[in-house]
Amino acid sequence: MRPSNQTSVREFVFLGFSRVRGTNLWLFAVVFSMYLITLTGNVLIITVIRIDPRLNGPMYFFLSNLSFLDICYTTSVVPQLLAHFLTIHKTISFDRCMAQLYISLFLGSTEFILLAAMAYDRYVAVCHPLHYKVVMSPRVCAQLAVASWSVGFLNAGVQTAFTMCLHFCNLYTINHFACEVLAVVKLSCSDTFVNDISLMVAGVLVLLIPCILVVLSYVYIISAILRIRSSEGRHRAFSTCTSHLTVVTLCYGTAIFAYLSPKDNSAPNQDKMLAFFYAVVTPMLNPIIYSLRNKEVKGALSKVRRKRQ
């Protein structure tokens, strides 16, 4: 429950991307198509991993978590965005805004930790292949997944609690398409020092440190690959990592640019495009990248297609 004396705003109004009806209809068609591709691709990935016995290793366990997370994340944003493309008044209640803010922080934070866990899995697979099954046991994989979701849950709870304590006076227009934490905090007319510090600490703990761990993992992975004598062996080892490396670059690159870059000169439209890329484009690209760059997933999808024919 939010304290009633902490804010005089009962709802927020989104500016969205455009007020031109023709542009909004075109955007509706594009985003709706992207949403369908996202749902179809990620559901296919989860289904194939569950039905194909060859895809029961740690990497595919984490990949199914990532696909489920992408479905949830994009669904927390896109249906409302689509509805607002068709309406003049793009409003959301304070409580629904805080709920959306919490969900996006929860799932976004979880994804950063989960990608770091996937990088550790690739490090063990390439650098310590003889110990892979022992180190990455089902119990360890479950613990890493639970830790990822738990960190996201705690970080979202802290950030949302601090945001709910802000005073918004009569400021209720958000220059965004969703309740993104930076856009909401920027709207407040009260002191946001605690919020700024907590967001900075969270950015270091949840985003920057996992990113550094991923980079270190790939430094060891690349040096181990370069020590392999045969070109075929090097290609085989690196091919198991390329899809994850591509997804990591997209996710961390966008998030670091959005949350850890200087904010004094940041343009609202730039912030919206970064948030759109992370919330809509990246979840759509992830299953495509894993389908095209991973031979096992590609083979399993082809097998399912042949069975349906």
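**Helix geometry, core, pockets and aromatic pairs**

In the predicted model, helix α10 covers residues 242-259, and its 18 residues should span 26 Å at 1.5 Å a residue; the end C-alpha atoms are 25 Å apart, which agrees with that expectation. Ten positions of α10 are named here as buried: Thr 242, Ser 243, His 244, Val 247, Val 248, Cys 251, Tyr 252, Thr 254, Ala 255 and Ala 258. Helix α2 also has 18 residues, and the distance from its first C-alpha to its last is 26 Å, close to the 26 Å expected at 1.5 Å a residue. Helix α2 is mostly covered, since 14 of its 18 residues are buried.

The largest nonpolar core comprises 86 residues, among which Phe 12 and Tyr 252 touch the most other members. The greatest contribution to this core comes from helix α4 (residues 94-127), which supplies 18 residues. Tyr 252 is also among the buried residues of α10. In soluble globular proteins, nonpolar side chains tend to be buried together.

The largest pocket encloses about 1000 Å³ of space. Its lining consists of 45 residues, and those closest to the centre are Glu 180, Val 181, Leu 182, Ala 258 and Tyr 259. Two or more lining residues are given by each of α4, β3 (173-174), α7 (181-187), α8, α10 and α11 (268-293). Helix α8 provides the largest share of this lining, with seven residues. By class, the lining of the largest pocket divides into 27 nonpolar, 13 polar and five charged residues. Ala 258, one of the residues closest to the pocket centre, is buried in α10.

Helix α8 extends over residues 193-226 and includes Val 201. Val 201 has a relative accessible area of 41% and is therefore partly exposed, as the partly exposed class lies between 20% and 50%. The C-alpha atoms of Val 201 and Val 135 are separated by 31 Å, and the two residues are 66 residues apart along the chain.

The second largest pocket has a volume of about 540 Å³. It is lined by 27 residues, and Gly 57, Met 59, Tyr 60, Arg 122 and Tyr 132 lie nearest its centre. At least two lining residues are supplied by each of α2 (58-75), α4, α5 (132-135), α6 (138-164), α9 (231-239) and α12 (295-308). The most is given by α2, with five residues. The class composition of this lining is eleven nonpolar, eight polar and eight charged residues. Helix α4 thus appears in the lists of contributing elements for the largest pocket and for the second largest pocket.

A search of the whole structure for cavities of 30 Å³ or more finds one. The largest cavity has a volume of about 60 Å³. Its lining is formed by Phe 14, Gly 16, Phe 17, Ser 18, Asn 24, Leu 81, His 84, Phe 85, Lys 90 and Phe 177. Helix α3 (residues 78-85) gives the most to this lining, with three residues. By class, five of the lining residues are nonpolar, four are polar and one is charged.

Across the whole structure, 18 aromatic pairs are found. In one of them, the rings of Phe 28 and Phe 32 have centres 5.9 Å apart and planes at 5°, so the pair is stacked; the cut-off for stacking is an angle under 30 degrees. Phe 28 and Phe 32 are four residues apart in helix α1 (residues 21-51), and are therefore separated by about one helical turn. Phe 28 is partly exposed, with a relative accessible area of 24%, and Phe 32 counts as partly exposed at 36%.

Phe 94 and Phe 168 form an edge-to-face aromatic pair, with 6.1 Å from centre to centre and 70° between the planes. Because Phe 94 lies in helix α4 and Phe 168 in the loop between α6 and β3, this pair ties together parts that are 74 residues apart in sequence. Phe 94 and Phe 168 are both buried. In addition, ring pairs link Phe 68, Tyr 102, Phe 106, Trp 149 and Phe 153 into a cluster.

Methods
Residues are numbered from 1 along each chain as its sequence is written. This is a predicted model: local features need pLDDT of at least 70, side-chain atom pairs count only at pLDDT 80 or more; totals for chains, interfaces and linings use all residues. Side-chain values use heavy atoms; hydrogens and water are left out. A nonpolar core is a set of buried Ala, Val, Leu, Ile, Met, Phe, Trp, Tyr and Cys residues joined through side-chain atoms within 4.5 Å. Buried means under 20% relative accessible area, exposed over 50%, partly exposed in between (1.4 Å probe, protein chains only). The expected span of a helix is 1.5 Å times one less than its number of residues. On a 1 Å grid over the protein atoms alone, a cavity is a set of points where a 1.4 Å probe fits but cannot get out, and a pocket is an open set with protein on both sides within 12 Å along at least five of seven lines; lining residues have an atom within 4 Å of a point. Grid points are joined across faces, edges and corners, and a volume is the space filled by probe spheres set on the points. Ala, Val, Leu, Ile, Met, Phe, Trp, Tyr, Cys and Pro count as nonpolar, Asp, Glu, Lys and Arg as charged, and the others, Gly among them, as polar. Rings of Phe, Tyr and Trp (its six-membered ring) pair if their centres lie within 6.5 Å; planes under 30 degrees apart count as stacked, over 60 as edge-to-face and the rest as tilted.
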